[in-house]
Amino acid sequence: MQSVMPTAREYNFDGLVGPSHNYAGLSFGNVASFNNVKSVSNPKQAALQGLAKMRALAARGFAQAVMPPQARPNFALLRSIGFGGSDADVIAKAFRDAPAILASAYSAAPMWSANAATVSPSADTADGRTHFTVANLNSKLHRSYEHQQTARTLRALFSDERYFAVHDALPGTPAFGDEGAANHTRLGNAHGAAGVEMFVYGRVEFNPDAPAPKRFPARQTLEASQAVARLHGLDPARTVFVAQDPAVIDLGVFHNDVIAVGNGNVLFYHEQAFYDEANTLAALRYSMAGVGAALLPVRVARSDVPMADAVASYLFNSQLLTKPDGRMALVVPQECRENAAVARYLDELAGSGGPIDELLSFDLRQSMRNGGGPACLRLRVVLTDAEAAAMHQQVIMTEPLYEKLVAWVLRHYRDALAPADLVDPQLAIEVETALDELTKILGLSCLYPFQSGDNAAPNS
């Protein structure tokens, strides 16, 4: 008797922008983030822009869910490096002596949930469960503490161990630099069928002769990608490791999802994305043939979209979504419509008769100014019907949830946040009050360290 492939859908878990969203320019190698350092942000607008995208995609029938923000400021970080006293004292001393570290402790970067973890669906794993490996994000101070709360959140959302396995982050050393799903793509015929998982890395720790960027750091290592594949029990015949072109890392392509995105059997990428384009495509075709799938590459030539335009517009930091009719929609930031070369290319793409026949653009300017587009804002999780029923239900985007979250943002978020505002102890109180209420809206009690008393290290 022939087994029936389980029905599966891809859920996009978008990061909800936190109340401390600010422009501190903490991410060297991320051109947009660095260019907007010390600008005044608008946390309220940022959160509302993200929610509008979630609502619109859910209304179109795409499976959409919410990832909550993390507790800020990170008092455990600040106290661990010698800032003591009351919470207000800690903030004041850090602002006086180490304002960049205080900004790191206040970072709202968890909004970019593509960096939360790498996810392998049950159709690919040896034990038939959906596997998550939390990213250690150890290349940047402001993100290197995220994995603790991320693991807590994922275990709250995916608590049923019959269906889900959540792995802690890899060791926090340079050899295992791991940036999560931003450097991971899954390709195949259908979400519920066995697929091919592509891991893209920027450097090799134990091979000093391997290509590496010279200007900006490569954040993902081959060793980390291989470790995640082992933890998830992936079939080596259906796992492909690909080197990113180090030259484009030096141009500001800090993650693969800034230069390529895949969905189904389609790989949408810039010709400069990979160190060895020909061998990358050959390896993918070979592995995909093993699951009965044929790779459909959509290659963007530099003559059509120069690299500077690709980075400025975040053309490839887009969501590629399969519609009910089997065709695909490309979700792009509004900046793509404002860049002449990119807009011209997209119009030609949508009318070409290829797999991508619809463009959806969103104003995500607050996120974009900090270096994150539509793809950065979402973690892709493929779930069967049974797995979807087993996950936490109150984070699934519906119209009632959207309305509750908008009202919550309007109650608690500031509409302007300057670097000097981080010294205000009231900001920390506002964030904690907002997040405490959010746990009630999402049905996630005791999600945050401050709710369990773990966010403050003992005074020295």
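## Strand pairing, active-site positions and nonpolar cores

In strand 2, Val66 is the bridge partner of Asp14. The model is a predicted one, and this pairing belongs to a set of five bridges that join strand 1 to strand 2 (residues 63–67), the two running parallel. Strand 1 is also joined by seven bridges to strand 15 (residues 378–384), here in antiparallel orientation, and within that pairing Tyr11 stands opposite Val381. Strand 1 itself (residues 8–15) is mostly covered, with seven of its eight residues buried. In a regular strand, side chains alternate between the two faces of the sheet.

The chain as a whole contains 18 helices and 15 strands. Its radius of gyration is 21 Å, close to the 23 Å that the globule rule gives for 460 residues, so the chain is as compact as a globular protein of that length. Taken along the principal axes, the C-alpha atoms fill a box of roughly 60 × 50 × 45 Å. Buried residues account for 59% of the 460 residues, and of the contacts with a separation of 6 or more, 76% are between residues 24 or more positions apart.

The UniProt record, an unreviewed entry, places the feature "active site" at Glu179, His255 and Cys376. These positions are spread over 198 residues of sequence, yet they cluster in space, the largest C-alpha distance being 11.2 Å. Where do His255 and Glu179 meet? Their side chains make a polar contact at 2.8 Å. Besides Glu179, His255 touches Asn115, Ala182, Asn183, Arg219 and Gln244, when residues up to four places away in sequence are not counted.

His255 lies in the loop between helix 9 and strand 9, and Phe254 is found in the loop between helix 9 (246–249) and strand 9 (260–263). Phe254 is separated from Ala182 by 72 residues in sequence, while their C-alpha atoms are 9.5 Å apart in space. Cys376, for its part, is located in the loop between helix 14 (365–368) and strand 15. With residues up to four places away in sequence again left out, Cys376 touches Met111, Trp112, Ser113, Ala114, Asp257, Asn317 and Gly371.

Are these three loop residues buried or exposed? Each of the residues tabulated below counts as buried, because its relative accessible area is under the 20% cut-off.

| Residue | Relative accessible area | Class |
|---|---|---|
| Phe254 | 6% | buried |
| His255 | 2% | buried |
| Cys376 | 3% | buried |

Turning to the nonpolar interior, the largest core holds 122 residues, of which Phe13, Phe158, Phe268, Leu405 and Trp408 touch the most other members. Helix 17 (residues 425–442) gives the most to this core, contributing eight residues. The surroundings of Leu405 can be listed in detail: leaving aside its neighbours within four places in sequence, Leu405 is in contact with Leu16, Leu51, Val66, Met397, Leu438 and Ile441. Val66 therefore appears both as a contact of Leu405 and, in strand 2, as the bridge partner of Asp14. A second core, separate from the largest one, consists of seven residues and includes Leu170, Ala224, Val228 and Ala229.

Definitions and conventions: Residues are numbered from 1 along each chain as its sequence is written. This is a predicted model: local features need pLDDT of at least 70, side-chain atom pairs count only at pLDDT 80 or more; totals for chains, interfaces and linings use all residues. Side-chain values use heavy atoms; hydrogens and water are left out. A nonpolar core is a set of buried Ala, Val, Leu, Ile, Met, Phe, Trp, Tyr and Cys residues joined through side-chain atoms within 4.5 Å. Buried means under 20% relative accessible area, exposed over 50%, partly exposed in between (1.4 Å probe, protein chains only). Helices (H or I, at least four residues) and strands (E, at least two) are DSSP runs, numbered from the N terminus. Contact means heavy atoms within 4.5 Å. Two strands pair if DSSP finds at least two bridges between them. UniProt positions are given in the numbering used here, feature names are shortened, and annotations may be inferred rather than shown by experiment. A polar contact is a pair of N or O atoms within 3.5 Å; within protein, one must be able to donate a hydrogen and the other to accept it, and residues adjacent in sequence count only if both atoms are side-chain atoms. The radius of gyration is taken over C-alpha atoms; the globule rule is 2.2 Å times the number of residues to the power 0.38.
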